[in-house]
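Look over the sequence and the model below. Then read on with both in view.

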Amino acid sequence: MASGVEDTKHYEEAKKCVEELALYLKPLSSARGVGLNSTTQSVLSRPMQRKLVTLVHCQLVEEEGRIRAMRAARSLGERTVTELILQHQNPQQLSSNLWAAVRARGCQFLGPAMQEEALKLVLLALEDGSALSRKVLVLFVVQRLEPRFPQASKTSIGHVVQLLYRASCFKVTKRDEDSSLMQLKEEFRTYEALRREHDSQIVQIAMEAGLRIAPDQWSSLLYGDQSHKSHMQSIIDKLQTPASFAQSVQELTIALQRTGDPANLNRLRPHLELLANIDPSPDAPPPTWEQLENGLVAVRTVVHGLVDYIQNHSKKGADQQQLEHHHHHH
C-alpha cells in the first residue's frame, strides 16, 4: 500500500473520484421520487457506462489496478470528447458533409446498391490478376452497369476507382508512352476484402474531416441497412490510434469556436489533454500516486462536465427537463 502521508492523501483523493463517478451508474430516478418513470435511464450513454464500470472495478491498492485505472480514465476521456463533438454536430448535415469530403478528394459514393455493383465489376475485371489501364477498367464497368443504372458515367465510375486507388488497393505499373496499368493487389481479390478496404477509406476521409459518425449511421449510409453495424464498428476501432484522442480534442476546440462555447466547455481542455497524454499501452510503467490522483481528478472533471452539458445545455437535455417539468405540474 502507499507509503508516507503524501501517498495516502493521493490515494484517498483518487478513491473519492472513483466513488463520485460510480454514482453516475445509478439510475437518475431513485433520487426523484416515484411515478411512471422510476426506471429512468442513466444520463450517460451505453459506451460511457461500460467504461465507467471498468474504472469502478479497478483495485487502486494494487499496482496492476492502478495501471488499469489510468487506461480506463484515458478511455473515458476519449469517449467524453467524442460525445461532446456529437453534441455539436448537426445530424441532418452529417451525410452531406461526408459526401462533400469524399468528393473533395476526387472520389464518389453512388449509393449502396450501385456502389456494390460497381465494386463487383471491378473485381470481375481484375480478380484473375489482370492488369488494365484506368481508362479500360472504367469503360468495362460503365458498359456493364449502364443497363441497370443508366446514370452510370465514366466520370462517376472514375471517382469510384479513385477511391480504391486512394485506399491503395492497386499495384500500379508505369509504362513509358502509355498510361499506367492497374492490378488488384492479391489480398483484395475477394469482395469482402475489397469492400472492407473501401469502407475503411471512407471512414478515414470522415475522420480527417472531423466528422464523428456512429456505427449504425455508417451502416445505413454505406449499406442502406442496419445489419453492418459491427462491421463498421470494427473498421472504426482499427483506425483509432493513440494520437486520435489528441486530434479529437483539437476538433472539439474548433467546434466550440464555431458556437462561441456558451457552456464554457473549453475549461475541460487541460484535463482532456492530461488524459490524452496517458500512455495507453499495456506495458506502460505504473503511475505514481500523484499521477493516479491527477488522472482521476481529470476524468471526474470531464465526465462531470459532459453530464452538466447534457442536462443543462444540450437540445436533448432541454427537452428532457421540459418533459419532467410538465410531469410535475400535471
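This report goes from the whole chain to one helix and then to single residues.

**Ground rules**

This is a predicted model, in which local features need pLDDT of at least 70, side-chain atom pairs count only at pLDDT 80 or more, and totals for chains, interfaces and linings use all residues. Residues are numbered from 1 along each chain as its sequence is written, and side-chain values use heavy atoms, with hydrogens and water left out.

**The whole chain**

The protein chain has 14 helices and 3 strands. These elements are DSSP runs, numbered from the N terminus: helices are H or I with at least four residues, and strands are E with at least two. Along the principal axes, the C-alpha atoms fill a box of roughly 75 × 55 × 35 Å.

Of the 330 residues in the protein chain, 43% are buried. Buried means under 20% relative accessible area, exposed means over 50%, and partly exposed lies in between (1.4 Å probe, protein chains only).

Now take the contacts, meaning heavy atoms within 4.5 Å. Among contacts with a separation of 6 or more, 69% join residues 24 or more positions apart.

The protein chain exposes about 17800 Å², and carbon and sulfur atoms supply 51% of that area. Such areas come from the Shrake-Rupley method with a 1.4 Å probe; for residues, only the protein chains shown count as cover.

Charges come next. The chain holds 38 positive and 38 negative charges, and their mean positions are 5 Å apart. Lys and Arg count as positive, Asp and Glu as negative, while His and the chain ends are not counted. Each charge is placed at NZ of Lys, CZ of Arg, CG of Asp or CD of Glu.

**Helix 5 and its cover**

Helix 5 spans residues 112–126, which makes 15 residues. From first C-alpha to last it reaches 21 Å, close to the 21 Å expected at 1.5 Å a residue. The expected span is 1.5 Å times one less than the number of residues.

Which residues of helix 5 are buried? They are Met114, Gln115, Ala118, Leu119, Leu121, Val122, Leu123, Ala125 and Leu126. An α-helix has 3.6 residues a turn, so residues three or four places apart point the same way.

What covers the buried residues of helix 5? The cover includes helix 6 (134–145), helix 7 (154–166) and helix 8 (191–208). It also includes strand 1 (132–133), strand 2 (170–173) and strand 3 (181–184).

Leu145 sits in helix 6. Its relative accessibility is 1%, so Leu145 counts as buried. Beyond residues up to four places away in sequence, Leu145 touches Met114, Glu117, Ala118, Leu121, Ala152 and Ile157.

Lys135 is also placed in helix 6. Why is Lys135 called exposed? Because its relative accessible area is 67%.

**Two more residues inside helices**

Gln49 lies in helix 2 (residues 46–56). Gln49 is buried because its relative accessibility is 16%. Its side chain reaches the backbone oxygen of Leu44 at 2.8 Å. That is a polar contact: a pair of N or O atoms within 3.5 Å, where within protein one must be able to donate a hydrogen and the other to accept it, and residues adjacent in sequence count only if both atoms are side-chain atoms. Gln49 touches Leu25, Ser42 and Leu44, again not counting residues up to four places away in sequence.

Leu296 belongs to helix 13 (residues 289–312). At 1% relative accessibility, Leu296 is buried too. Leaving aside neighbours within four places in sequence, Leu296 is in contact with Ala14, Cys17, Val18, Leu55, Leu60 and Ala73.

**Distances across the chain**

The table sets sequence separation beside C-alpha to C-alpha distance.

| Pair | Apart in sequence | Apart in space |
|---|---|---|
| Lys135 and Gly158 | 23 residues | 8.2 Å |
| Leu145 and Ser227 | 82 residues | 25 Å |
| Gln93 and Leu306 | 213 residues | 23 Å |
| Leu296 and Leu52 | 244 residues | 12 Å |

Gln93 lies in helix 4 (residues 91–104). At 44% relative accessibility, Gln93 counts as partly exposed.

**A loop with positive phi angles**

Asp261 lies in the loop between helix 11 (242–259) and helix 12 (269–276). Asp261 is not a glycine, yet its phi is positive, at about 50°. Its relative accessible area is 15%, so Asp261 is buried.

Asn264 is placed in the loop between helix 11 and helix 12. Asn264 is not a glycine either, and has a positive phi of about 55°. With a relative accessible area of 40%, Asn264 is partly exposed.
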